[in-house]
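Got your viewer open? Here's a short walk through some charged pairs, a strand and a few cysteines, with a selection to make at each stop.

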Amino acid sequence: MTALQTGSSQRVTGKRLLRREDPELLTGEARFVDDLYQQDALYMALLRSPLAHAKIISIDVSEARKMPGVHEVLSGRDLREEFSAPMPCAWPVTEDMKNPPHYPIASDVVHYVGDAVAVVIASDKVAAVDALAAIDVKYEALPVVTELEEALLDRNLVHPSLGTNSCFVWKLEPDRAGVDQAFASAAHVVTNRYVQQRLIPSALEPRGVLAVPHPYGAEYTLFSSTQIPHILKLMLSTTLGISEAKLRVVAPSVGGGFGSKLNVYAEEVLALALARKLSKPVRWTEERSEGALTTIHGRGQVQEVELAADSNGRITAVRVNILADMGAYLQLLTPGVPLLGAFLYHGQYDVPAYSFTCTGLFTNKTPTDAYRGAGRPEATFAIERSIDSLARKIGIDPAEIRRRNFIPVDKFPYSSVPGLIFDSGNYEPALQAALEKVGYAQLRMEQEKRRTQGSRKHLGIGISSYVEMCGLAPSKVLGSLRYSAGGWESATVRILPTSKVQVTTGTAPHGQGHETSWSMIVADRLGVSLEDVEVLHSDTAVAPFGMDTYGSRSVAVGGSAVYLATEKVLDKARLIAAHKLEVSPEDLEYSDGMFKVKGSAEKSFALSSVALEAFTAHDLPDGIEPNLEASVTWDPPNFTFPFGTHIAVVEVDEETGDTRLVRYVSVDDVGNQINPMIVEGQLEGGIAQGVAQALYEEAAYDEQGNLLDTTFIEYMLPSAVELPSFELASTVTPSPTNPLGVKGVGEAGCIASPPAVINAIVDALSPFGIEHIDMPASPQKVWSAIESSRGDGK
């Protein structure tokens with residue numbers, strides 16, 4: 001559909017409205033986990049291993065137990081009986097995938113720096129942390145594995161009982177013979193190796209948890225800074241053997257997540273286990289350096305990417321082999337993250353032959369898992385860097401080679417060789433709009449002028465044309481990929497007797513503005529004021545069913561569920577109004593909160609009157625139940641496929657290696673936009689994170705498995721000072737997959753920006769013969785590459 005159906009003459013969808021969530025957040029009135037007061041709560045602190053791989057010889061907690069304010073000190077062995085099952089992994093990607101048991105606290109062997117070995121429970125946080133220093137742990141160091149190529153050799157093993165460091169090998173080869181033939185007959189072949197460095201998610205709010213046992217009976221409420229209250233509830237029930245009916249999970253205000261809070265963490269399990277054991281509330285809030293070690297890391301891949309092309313630069317085959325870093329254990333989605341990009345290494349291009357192989361490997365490092373984009377930034381980086389490499393080899397402009405390879409608009413819906421059906425797409429207008437907005441021809445002239453004049457500040461222009469899949473569904477498809485959960489979402493819409501509207505949603509926002517967007521959808525369809533719509537979320541007692549928020553799924557799946565529930569309520573209201581007006585429901589039209597008989601200006605019945613009639617139930621049609629309420633669980637028939645083109649312009653100082661991002665243009669197509677201001681905010685945040693990966697961020701380890709950047713002194717996050725104002729534009733190609741015509745947007749900026757920036761840097765350095773710079777492209781790396789090229793006589 002091209003436009004959202006509305007029951008209001010004063011349409012709000014598509015308008016730039018301020019978020020209703022923001023005043024509370026900006027004035028400090030929002031309540032995060034650490035703000036929640038709980039009488040008699042005990043504080044939990046964890047002693048963590050300083051070694052990346054070691055046997056635990058002994059743990060002496062006797063002195064710690066004597067410390068002031070300490071209630072209890074426990075080791076992994078003390079707590080083992082509290083756990084009904086190991087920590088969950090919800091995506092066993094292959095039948096023979098290896099998943100070593102992972103408990104919230106180690107008993108015998110630690111496998112990464114930060115692995116918990118003992119827990120202190122005290123009357124306050126200071127007492128709990130102080131007591132950690134009194135615990136005496138003796139270790140026997142074991143061999144450490146930190147590099148993926150090293151892990152592949154199996155010389156040292158992260159988990160010796162497995163006999164290998166390989167977690168799984170997953171292949172997608174619909175026509176291997178066709179791929180081999182394409183490469184054998186290709187006029188051009190490019191082969192490149194790319195590294196996706198590890199990233200530390202660094203949400204504004206650190207993780208936190210508060211577990212509260214009820215005073216009577218085995219019932220518990222868990223407050224957590226999580227993206228997934230519904231999934232967390234299910235997994236905690238399984239892991240601890242607590243009846244799901246006796247467990248409530250609440251995500252209060254959550255200060256960002258970016259995928260890092262899409263998980264079940266040891267601290268959540270431990271806090272609930274200890275609350276049950278001690279019959280006392282237990283709380284924990286992460287320290288920033290602690291989070292760098294123990295919150296999941298993102299990315300972590302080594303990619304080998306090959307393109308075959310004919311003499312005109314048309315790609316005839318893509319062949320990809322990646323090594324994916326699992327870290328020491330499998331978290332909730334760890335092995336599945338590379339698969340989220342596995343189908344997209346051909347990007348926006350019409351590629352007839354395709355092969356993908358992923359080998360997941362254990363290392364003695366923090367576990368990896370989903371981080372903004374989750375597999376799709378890796379895929380986009382690989383194809384967008386590779387197509388630039390192909391363009392350079394053949395001597396074709398980067399924009400032109402993309403045009404030659406785009407999936408033609410008349411091929412949509414497009415059945416890709418890897419097996420997806422791209423529901424919609426029109427890539428050429430987005431590229432053209434980006435080129436015009438950035439002034440591509442003029443920039444190329446400026447670049448040539450600088451080179452001719454011998455400038456030491458080199459201009460570079462980088463293009464990234466991306467497509468992503470999000471709103472993963474239907475559930476049957478996820479099941480075929482061995483994913484343990486579904487792709488549906490639930491919503492309930494009720495019109496109260498006073499005609500106010502309540503919406504409950506299974507999504508769990510943490511900065512996305514769902515309260516605003518969902519209100520806009522409902523207000524438009526019902527023709528009521530935005531202020532009359534209340535959105536309830538993130539509490540499993542209020543919204544018992546949901547699949548939560550991640551993967552740019554919320555508006556396409558959750559928003560569609562809200563819309564369909566609203567339609568269902570309106571259908572019921574129509575039946576009641578028709579009964580009161582003594583006409584057929586088909587004779588009624590609806591707008592601005594009023595049912596009117598077609599062709600009659602006088603016969604009408606207000607929605608507010610219908611709501612009261614439904615409540616009193618004095619005169620309802622036969623078979624109609626009282627109250628205006630409807631629930632919908634929406635399981636979409638397909639993914640959605642946002643796309644666009646981003647262009648980065650950089651200036652590189654050859655004397656220092658300093659790289660400055662001077663302009664950034666993006667043209668994105670996310671289908672119909674409910675609130676363009678929210679869309680732009682999501683894009684700007686995503687672009688900033690992607691630029692940070694390209695230029696600044698890296699979770700670096702030494703050979704002993706020590707994380708070298710556990711604070712923001714070492715781990716570089718960009719501020720507004722380092723970034724230009726982003727120049728945003730859009731095209732609109734509505735998705736036919738859902739009733740709103742929307743697509744996801746939360747990850748688009750993070751997916752497109754890293755290759756745009758690196759392509760720009762390589763373009764700037766092309767006079768030196770430099771063909772690649774690994775991320776992050778620090779001044780030291782850039783300067784070293786320039787000096788090395790000079791040393792080679794280039």
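Start by selecting R450: in this predicted model, R450 counts as buried, with a relative accessibility of 18%. Now add E446, whose side chain meets that of R450 in a salt bridge, 3.0 Å from N to O. Color E446 by accessibility and you'll get partly exposed, at 30%. Why do these two line up? R450 and E446 sit four residues apart in helix α14 (residues 440-453), so about one helical turn separates them.

Next, select R553 and E489. This is another salt bridge, and the closest N and O atoms are 2.7 Å apart. Here the partners come from distant parts of the chain, 64 residues apart: R553 is in the loop between β21 (533-536) and α17 (554-581), while E489 belongs to strand β19 (residues 489-495). Are they buried or exposed? Both R553 and E489 are buried.

Stay with β19 for a moment and bring up β25, residues 628-634. The two strands, β19 and β25, pair in the antiparallel sense over seven bridges. To see one of the contacts, pick S490 and look across to T633 in β25, its bridge partner. Then turn β25 around and compare its faces. L628, A630, V632 and W634 make up the covered face, whereas E629, S631 and T633 are on the uncovered one. In a regular strand, side chains alternate between the two faces of the sheet.

Hop over to R660 and D658. They form a salt bridge too, with 2.7 Å between the closest N and O atoms. R660 is exposed at 51% relative accessible area, and D658 is partly exposed at 23%.

For something busier, select R48, R207, E267, E286 and E290 together: salt bridges with shared partners join them into one network. If you'd like the overall tally, the count comes to 45 salt bridges.

Last stop: the cysteines. How many disulfides does the structure hold? Zero. Select C167 and C89 to see an example. C89 has the cysteine sulfur closest to that of C167, but at 7.5 Å the two are too far apart for a bond. C167 is buried, at 1% relative accessibility. Finish on C358, which is in no disulfide either; the nearest cysteine sulfur belongs to C167, 9.2 Å away. C358 is buried as well, with a relative accessible area of 0%.

Definitions and conventions: Residues are numbered from 1 along each chain as its sequence is written. This is a predicted model: local features need pLDDT of at least 70, side-chain atom pairs count only at pLDDT 80 or more; totals for chains, interfaces and linings use all residues. Side-chain values use heavy atoms; hydrogens and water are left out. A salt bridge is a side-chain nitrogen of Lys or Arg within 4 Å of a carboxyl oxygen of Asp or Glu. Buried means under 20% relative accessible area, exposed over 50%, partly exposed in between (1.4 Å probe, protein chains only). Two strands pair if DSSP finds at least two bridges between them. A disulfide is a pair of cysteine sulfur atoms within 2.5 Å.
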